[in-house]
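Q: Hi! I have just opened this one and would like a friendly tour. Could you walk me through it?

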Amino acid sequence: MIEFIGPKDAWVESTSGERLLFMLLRHHREYAFLVKTLSGSGLRLGGRFSDMSNFFVGASVLHLMQRMVKLAKDVIAEQDGRLDQVRVLRARMFDVLITPLEYGGDMGALVQEVLASAEQSTKELKPGLRDRVAKHGPPDCYSCGRTFGVTPPGETDPLARTADHVWPRALGGDSRFDNLLPACKDCNNAKEHIAAWQMAWLQPAVFTESHGNGGLKGLRRENRMALHMRAAMAYANQNGSTLRDAYLAIGPRIDPARLDDDQGYDFFNLRVHDEARTNVFWTPA
Ligand SMILES: [Zn+2]
């Protein structure tokens, strides 16, 4: 089971964006309503129904977050003082995105967290931080596991070592050690602003039986990365860790395989982590 919808379980948040996500999941009545509606909808998805509900709720809340952060960025660009930024953002959020009636938590705290998340998108890494991430992180890319290349001067190497924001800056990922891991340029670029597996395009991840396991070799990198994220998020929740520590515990993604050999080849039945080693299981209901 993946505990992403509903109240935050044990996941230790280390960025503004994660705090904002959990505030919305906990207090926005629309999501509680969505969970309830989906649970009663009778969609025929077999054992993977909760995964599908999780996907719908996660995609919706992340969509709202993106709109909030964008709005906050505009407000920060227009208003100088913090008090004015809070006042204007609050008014605009009420107008177009969310009202106190729909939100059962502290609106003041929510507005502050949206502003904090928007500010992260412009924060550069402090001097020395990139080196610290390289020195204390795994020797290979945390996502694909490939060894970093030595970049010849003036050239761009797809295997050049970068510091990847585990929770992306664009969604309130802080430029701090707890949120950074060494990744190759290839993986960093492919990930873009994807914060969670619910943001990946899952439609092409349905395979026909005839592909067999060989067909999984053709699974898009974006989907592999989404499956990897999904495992990291589940691990963080199950073990009470940050996302960074979850990725370190799980290790780089491996070749895709089916969770349940008797079931089909859709996204929810695939894994790119070693279940036995990582202790991340999805149990068909
Ligand atoms: Zn990589």
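A: Happy to. One term to begin with: a residue counts as buried when its relative accessible area is under 20%, and as exposed when that area is over 50%. Keep in mind that this is a predicted model.

Q: Thanks. Is His228 buried or exposed, then?
A: His228 is buried, because its relative accessibility is 1%, under the 20% cut-off. You will find His228 in helix H9.

Q: Which residues does His228 touch?
A: Setting aside neighbours within four places in sequence, His228 is in contact with Tyr142, Ser143, Tyr247, Ile250, Gly251, Pro252, Arg253 and Val272. With Gly251 there is also a polar pairing: a polar atom of the His228 side chain lies 2.9 Å from the backbone oxygen of Gly251.

Q: What else sits in helix H9?
A: Arg230 is in that helix, which covers residues 221-239. Arg230 has a relative accessible area of 0%, so this residue is buried. The C-alpha atoms of Arg230 and Phe268 are 10.0 Å from each other, with their positions 38 residues apart along the chain.

Q: Let me zoom out. How many helices and strands are there?
A: The protein has eleven helices and four strands. It has 285 residues, and 49% of them count as buried.

Q: What share of the contacts join residues at least 24 apart?
A: Taking contacts between residues at least 6 apart in sequence, 67% join residues at least 24 apart.

Q: I see a metal too. What coordinates the zinc ion?
A: The SG atoms of Cys141, Cys144, Cys184 and Cys187 do, at 2.3 Å. Along the chain, these donors follow the spacing C-x2-C-x39-C-x2-C. Cys144 and Cys184 link distant parts of the chain, being 40 residues apart. Cys144 is in the loop between helix H6 (129-136) and strand S1 (161-165), while Cys184 belongs to strand S2 (residues 180-184).

Q: Why is the arrangement called tetrahedral?
A: Because the angles subtended by the four donor atoms around the zinc ion run from 102 to 117°, and four donors count as tetrahedral if all angles lie between 85 and 135 degrees.

Q: Which of those cysteines are buried?
A: Among them, Cys184 is buried at 0% relative accessibility, and Cys187 is buried at 2%. Cys144 is buried as well, with a relative accessible area of 17%.

Q: And how many disulfides are there?
A: Zero, according to a search of the whole structure. For background, a disulfide is a covalent bond between the sulfur atoms of two cysteines.

Q: New topic: where is Thr15?
A: Thr15 lies in the segment before helix H1 (16-27). Its relative accessible area is 0%, so Thr15 is buried. The side chains of Thr15 and Glu18 make a polar contact of 2.7 Å. Leaving out residues up to four places away in sequence, Thr15 touches Trp167, Gly172, Gly173, Asp174 and Asn179.

Q: What about helix H4: how many residues does it have?
A: Helix H4 has 15 residues, numbered 82-96. From its first C-alpha to its last, H4 reaches 21 Å, close to the 21 Å expected at 1.5 Å a residue.

Q: Which residues of H4 are buried, and what do they pack against?
A: The buried ones are Gln85, Val86, Val88, Leu89 and Met93. The buried residues of H4 pack against helix H3 (49-78) and helix H5 (107-120).

Q: Last topic, the backbone. Which sign does phi have in most residues?
A: Most residues other than glycine have a negative phi. Here, Glu192 has a positive phi, near 50°, and is not a glycine. Asn279 is another non-glycine residue with a positive phi, about 65°.

Q: Where do I look for those two?
A: Glu192 is in the loop between helix H7 (185-191) and helix H8 (212-215). For Asn279, go to the segment after helix H11 (275-278).

Q: Are they buried or exposed?
A: Glu192 is exposed, because its relative accessible area is 61%. Asn279 has a relative accessible area of 37%, so Asn279 is partly exposed.

Definitions and conventions:
Residues are numbered from 1 along each chain as its sequence is written. This is a predicted model: local features need pLDDT of at least 70, side-chain atom pairs count only at pLDDT 80 or more; totals for chains, interfaces and linings use all residues. Side-chain values use heavy atoms; hydrogens and water are left out. Helices (H or I, at least four residues) and strands (E, at least two) are DSSP runs, numbered from the N terminus. The expected span of a helix is 1.5 Å times one less than its number of residues. Buried means under 20% relative accessible area, exposed over 50%, partly exposed in between (1.4 Å probe, protein chains only). Contact means heavy atoms within 4.5 Å. Donors are N, O and S atoms within 2.8 Å of the metal (3.2 Å for Na, K and Ca); water is not among the atoms, so sites may look incomplete. Four donors count as tetrahedral if all angles lie between 85 and 135 degrees; four count as square planar and six as octahedral if opposite donors are over 155 degrees apart and all others between 65 and 115; anything else is irregular. A disulfide is a pair of cysteine sulfur atoms within 2.5 Å. A polar contact is a pair of N or O atoms within 3.5 Å; within protein, one must be able to donate a hydrogen and the other to accept it, and residues adjacent in sequence count only if both atoms are side-chain atoms.
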